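Subject: Structure for you to look through

Dear colleague,

I am handing over a structure that I would like you to open and look through alongside this message. Please take your time with it, and then read on for what was found.

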Amino acid sequence: MGAGLLSIDIEAAVANWRALAAHSRAETGATVKADCYGLGAARLAPALARAGARRFFVALAQEGAALRASLGTGVEIFVYAGHMEGDTGIIRDHGLIPLLNSPAQFRRHGGALPGHPFGIQLDSGMNRLGMEADEWAGLREAALAAGPALVMSHLACSDDPADAMNAQQLQTFRAMTEGVTAPRSLSATGGILLGPDWHFDLTRPGIGLYGGAPYTGAQPVVQLDLPVIQTRALSAGEAVGYGRSWTATGPARIATVSAGYADGLIRALSGRATLWAGDTPCPLAGRVSMDLITVDVTHLDTVPEVLTILGPHQGIDALAEAAGTIGYEILTSLGPRYQRRYAGGTP
Ligand SMILES: *Cc1c(COP(=O)(O)O)cnc(C)c1O
């Protein structure tokens, strides 16, 4: 098979959810937006639900509709984008709970779907989504009287426990939600790790479930093995790939593997990443092209059928670092051309 093999360990994601849940007394939800960060919500979300997750979070109403089809009616599905123009039907038909971000959304929701559940998203300092303090003050009484399902905010710097912004946002969120009896939520993965003060009633981990930083204790969830299509011998002075950016300094052997930037192995990995022949590191040689990557395997006695780019020796964060990005982007970029194999997670 020419396509790379993306192995996704559902049990590892479930174990990560359980381990994060054990970090707090708050209820632990699950953020499953962007198709579980590219790993497949139709497979992962039901396994999380069986493990006990009852509240799920997506970015868009459309994602919520797909998730409802996978999970059935026994769970709550919250939508971070809130109630957007044109989303009323989908929110109603699939029983989604929009996290209302602005007074305009609050009015839209109340007008279009009176009595339909909603949550409130507050801005505690990130300046991205959510009502500002003055907007919230203006409609707080009406909103609380209508009985929100959740009042939440989001931390800007929770991947760095030393950042003073964490305490500042905690204080702001407390002040904005003083006296609120609805469930409150402030923390994603990073906030869970900051400690119990940040947990409130419900947490919303995403990346930690999928094996990424800042949850350094996470079990890895993905492995990516790329088939070697061809190997070739080079003499000193011969160059490899587009732009001839890698040149053999002596007799060399190059393996060409099947995957490239069209599969999410972004071009910034050129000349920087490492692939693995079992336990032996092999440097990426030259540029990543759309469908192919060239690898220096001169030091191998035998070239294996596959080289591993995500696996036991190099997780999503290590690969991300080579490309100057974050594990989130590596995961969500993994393209549709891989053969996907899921392990575990059957009912
Ligand atoms: C993506 C997101 C999360 C999950 O964050 P992780 O860092 O992946 O745990 C939680 N809340 C909001 C508002 C988000 O946008």
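**Empty space inside**

A search of the whole structure, which is a predicted model, finds one cavity of 30 Å³ or more. If you wonder how such space is found at all, rolling a probe the size of a water molecule over the atoms shows where empty space is left. The largest cavity has a volume of about 40 Å³, and the residues lining this cavity are Gln121, Leu122, Asp123, Met126, Arg128, Leu129, Ser153 and His154. Sorted by character, the lining of the largest cavity comprises three nonpolar, three polar and two charged residues.

**The largest pocket**

How much space lies in the largest pocket? The space there comes to about 620 Å³, and of the 31 residues that line the largest pocket, those closest to its centre are Lys33, Arg128, His154, Ala188 and Tyr328. Three elements give two or more residues to this lining, namely helix H2 (33-37), helix H9 (189-194) and helix H11 (327-333). By character, the lining of the largest pocket holds 17 nonpolar, nine polar and five charged residues. Where does this pocket lie with respect to the domains? Because domain 1 (9-210) and domain 2 (222-343) both give residues to its lining, the largest pocket lies between them.

Arg128 and His154 are worth finding on your screen, since Arg128 and His154 are among the residues closest to the centre of the largest pocket and are also among those that line the largest cavity.

**The ligand**

The ligand is surrounded by 13 residues, of which the closest are Lys33, Tyr37, Thr189, Ile207 and Tyr328. Looking at single atoms, a polar side-chain atom of Thr189 lies 2.5 Å from an oxygen atom of the ligand, and a polar side-chain atom of Tyr328 lies 2.6 Å from an oxygen atom of the ligand. For His154, a polar side-chain atom lies 3.3 Å from a nitrogen atom of the ligand. Taken alone, the ligand exposes 390 Å², and the protein buries 91% of that.

**The second largest pocket**

In the second largest pocket there is about 210 Å³ of space, and among the 15 residues that line this pocket, Val240, Gly241, Ile254, Thr256 and Thr294 are the closest to its centre. Strands S11 (222-234), S12 (239-240), S14 (252-258) and S17 (292-296) each supply at least two residues of that lining. The lining of the second largest pocket divides into eight nonpolar, four polar and three charged residues.

**Two details of the backbone**

Most residues other than glycine have a negative phi, and most peptide bonds are trans. Against that background, please look at Cys36 in helix H2, where phi is near 55°, a positive value in a residue other than glycine. Please look as well at the cis peptide bond that joins Ala213 and Pro214, with omega at about 15°; Pro214 is found in the loop between strand S10 (202-203) and S11.

With best wishes

How values were computed:
Residues are numbered from 1 along each chain as its sequence is written. This is a predicted model: local features need pLDDT of at least 70, side-chain atom pairs count only at pLDDT 80 or more; totals for chains, interfaces and linings use all residues. Side-chain values use heavy atoms; hydrogens and water are left out. On a 1 Å grid over the protein atoms alone, a cavity is a set of points where a 1.4 Å probe fits but cannot get out, and a pocket is an open set with protein on both sides within 12 Å along at least five of seven lines; lining residues have an atom within 4 Å of a point. Grid points are joined across faces, edges and corners, and a volume is the space filled by probe spheres set on the points. Helices (H or I, at least four residues) and strands (E, at least two) are DSSP runs, numbered from the N terminus. Ala, Val, Leu, Ile, Met, Phe, Trp, Tyr, Cys and Pro count as nonpolar, Asp, Glu, Lys and Arg as charged, and the others, Gly among them, as polar. Domain bounds come from an automatic or database domain assignment. A residue is near a molecule or strand if one of its heavy atoms lies within 4 Å of it. A polar contact is a pair of N or O atoms within 3.5 Å; within protein, one must be able to donate a hydrogen and the other to accept it, and residues adjacent in sequence count only if both atoms are side-chain atoms. Accessible areas come from the Shrake-Rupley method with a 1.4 Å probe; for residues, only the protein chains shown count as cover.
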